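Visitor: Hello! I am new to this structure and would like to learn how to read it. Could you show me where to begin?

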Amino acid sequence: MKKNRSASILFKAVSKNFLNICRVYPKLIYMANHLDKFTEEEKYNFGISIIKLVMDTCGIKVEAFGLENIPQQDGIYLCANHQEKFDPLAIWYTYPRKMGVILDDKATHRPFISELCKIIKAQKLHRRDVRSTIQSINSITADLKSGTNYMIFPEGGYELEEKVLGEFKSGSFKSPMRAHCPILPVCIIDSYCIFDKGYKTTKPIQVHYLKPIMPEEFENLTTHELAELVKSRIKEVHDIYQK
């Protein structure tokens, strides 16, 4: 089922956007290779415009709930469960301000994604390289302190049973603990089944922004305890909607 769905997603994304790809991809490549010629706003806005174009032309509907729970200040660490490839796109589609992403290095070498990661703030994690991982954690911590927002998927993938939350890796929470920044739990519902009927889009993706966990709530916790706390907050909503 996963392979069939992945094929459906890829086929629909390419077939529905072939002309758009021919139009925007050259500019995306140019921008990714000449970053100093564009402002941060120009790069981010262009990246988001491509993401929204892909989502809209594929007919993928996204419903956002709890936008009022998003803190007004920046330097937010957004943690979401992970069901499908479109999860980060669904968050970018609905989040009202700039948002970077933390992802495994393996996912950043594909065409299109590679260029997007250059123009939209991205931190790559080399999970088997301890020194690189430490450098990434330090860099993410510094960015959070300076007001950069990041999203991360602490499960690390979506290979497990789709309706069940996987383990939230405790290492994902070192940076927000060090940065002493708000953590915003996000529950994603039904993204795994958007193409369950072949190339026809079915249910909309639901993105539930939950109440933030403020630094004073987790300052005395371990990273493992914090991971369990965030997972429990997401699970409360997940168990209500994910039938």
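Guide: Happy to! Two strands pair if DSSP finds at least two bridges between them. Keep in mind that this is a predicted model. Here strand S3 (residues 100-104) and S4 pair in the parallel sense, over four bridges.

Visitor: Which residue of S4 is the bridge partner of Leu-103?

Guide: That is Lys-124.

Visitor: What unit do S3, helix H5 and S4 make?

Guide: With helix H5 (residues 113-119), the strands S3 and S4 form a β-α-β unit, and the unit is right-handed.

Visitor: How should I read the side chains along a strand?

Guide: In a regular strand, side chains alternate between the two faces of the sheet. You can follow this along S4 (residues 122-125): Gln-123 and Leu-125 are buried and point to one face, whereas Ala-122 and Lys-124 point to the other and are not buried.

Visitor: Now the loops, please. Where is His-180, and what is its phi?

Guide: His-180 sits in the loop between helix H7 (174-179) and strand S6 (183-189). Its phi is near 55°, a positive value in a residue other than glycine.

Visitor: Why does His-180 count as partly exposed?

Guide: Because its relative accessibility is 44%, and partly exposed lies between the 20% and 50% cut-offs.

Visitor: And Asp-190: buried or exposed?

Guide: Asp-190 counts as buried because its relative accessibility is 6%, and buried means under 20%. Look for Asp-190 in the loop between S6 and strand S7 (205-209). Asp-190 also has a positive phi, near 70°, and is a residue other than glycine.

Technical notes
Residues numbered from 1 in each chain as written. Predicted model: local features only at pLDDT ≥ 70, side-chain atom pairs only at ≥ 80, totals over all residues. Heavy atoms only, no water. Buried < 20%, exposed > 50% of the residue type's maximum accessible area, 1.4 Å probe, protein only. Helix = DSSP H or I, 4+ residues; strand = E, 2+ residues; numbered from the N terminus. Right-handed = clockwise from strand over helix to strand, strands pointing away.
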